[in-house]
Amino acid sequence: MIRPYVLAETNWESLKDERFDLAVLPWGATEAHNYHLPYGTDNYQAQSFVEAAAKMSWEKGKKVIVLPTIPFGVNTGQKDIYLDMNLNPSTQLAILKDIITVLNRQGIYKLLLFNGHGGNNFKPIVRELGLLFPDMFISFSFFPQMLDKTQYFKEKGDHADEMETSLMLYLRPDLVLPNDKWGSGDEKKFKIKAFNEGWVWAERQWSKVSSDTGIGNPEFATAEKGEHFFNDITIKLDELFCALCEADLKDLYE
């Protein structure tokens, strides 16, 4: 069935008299995810989350529209990983400026960027766009931060780890290689202690910190864990969609 809350699927017959309160833009990346996960992992995850949550919100009468996923992200630290695709932050700004110009002109003043890739940092971009489009309310979220991952997964990690492998085993098991192909996801740390303590930052050169492009052991991943995590994220995301749809942009604070 055509989903009326997914822009790529709906049609002019449905949209010509429709009005939406919230646009959601999933944004992922195209990059290696250990040996066993597809290059489009971040895109599959981000799009699946927002489409499932939008369905829930739509069924409650909320006017939310999911825009097509942006499949490329910031991968400046992975320039020597074969076919890892990179969009510079300045390019992301240009893309968003054009998209927001359309939304602003057509009276959709709420935009949520749903980020599926750790290399994307939208905060400075949103600050700049807020000056350019004062009528717009632009926000973003990054799903691994939405819940306490330790309540769902045994192993820590941030790329092709137990969490991402579990999600893909649930969402697209046909694209996950057998577990005898899974790399260990071992990570090398900075020799300078301050970087590992989190109060100073430098970009990691991916090929020097991981031999299999993964960071985090996927060994204990299961589809059941992925389903549990996915469902809980979706419920929380639906609550956000509904709140944003209902929000009065002239009365946001208490």
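## Leu132 and helix H4

Leu132 sits in helix H4, which spans residues 123–132. The model is predicted. Leu132 counts as partly exposed because its relative accessibility is 46%, and partly exposed means between the 20% limit for buried and the 50% limit for exposed.

Leu177 lies 45 residues away from Leu132 along the chain. The C-alpha atoms of Leu132 and Leu177 are 45 Å apart.

## The largest nonpolar core

The largest nonpolar core has 28 residues. Within this core, Phe114, Phe229 and Phe241 touch the most other members. Both strands and helices build this core. Strand E1 (22–27), strand E2 (64–66) and strand E3 (110–115) each supply at least two residues. So do helix H2 (41–59), H5 and helix H8 (223–246). H8 provides the largest share, at seven residues.

What does Phe229 touch, leaving aside residues up to four places away in sequence? The contacts are Phe143, Leu147, Lys149, Tyr152, Phe153, Met163 and Leu167.

## A second core

There is also a second, separate core. This second core holds 22 residues, including Ile70, Leu87, Ile125 and Val126.

## The largest pocket

The largest pocket encloses about 1,500 Å³ of space. Its lining has 50 residues. Which of these lie nearest the centre? They are Gly118, Asp158, Trp201, Arg204 and Trp206.

Several elements give two or more residues to this lining. The strands are E4 (137–142), E5 (157–159) and E6 (215–216). The helices are H5 (162–171), H6 (193–197) and H7 (206–209). H5 also supplies at least two residues of the largest nonpolar core. By class, the lining of the largest pocket has 16 nonpolar, 20 polar and 14 charged residues.

## The second largest pocket

The second largest pocket has a volume of about 390 Å³. It is lined by 15 residues. Leu15, Phe20, Leu103, Gln106 and Ile108 are the closest to its centre.

Helix H1 (12–15) and helix H3 (89–105) each give at least two residues to this lining. H3 gives the most, with three residues. The lining of the second largest pocket divides into 10 nonpolar, two polar and three charged residues.

How values were computed. Residues are numbered from 1 along each chain as its sequence is written. This is a predicted model: local features need pLDDT of at least 70, side-chain atom pairs count only at pLDDT 80 or more; totals for chains, interfaces and linings use all residues. Side-chain values use heavy atoms; hydrogens and water are left out. On a 1 Å grid over the protein atoms alone, a cavity is a set of points where a 1.4 Å probe fits but cannot get out, and a pocket is an open set with protein on both sides within 12 Å along at least five of seven lines; lining residues have an atom within 4 Å of a point. Grid points are joined across faces, edges and corners, and a volume is the space filled by probe spheres set on the points. Helices (H or I, at least four residues) and strands (E, at least two) are DSSP runs, numbered from the N terminus. Ala, Val, Leu, Ile, Met, Phe, Trp, Tyr, Cys and Pro count as nonpolar, Asp, Glu, Lys and Arg as charged, and the others, Gly among them, as polar. Buried means under 20% relative accessible area, exposed over 50%, partly exposed in between (1.4 Å probe, protein chains only). A nonpolar core is a set of buried Ala, Val, Leu, Ile, Met, Phe, Trp, Tyr and Cys residues joined through side-chain atoms within 4.5 Å. Contact means heavy atoms within 4.5 Å.
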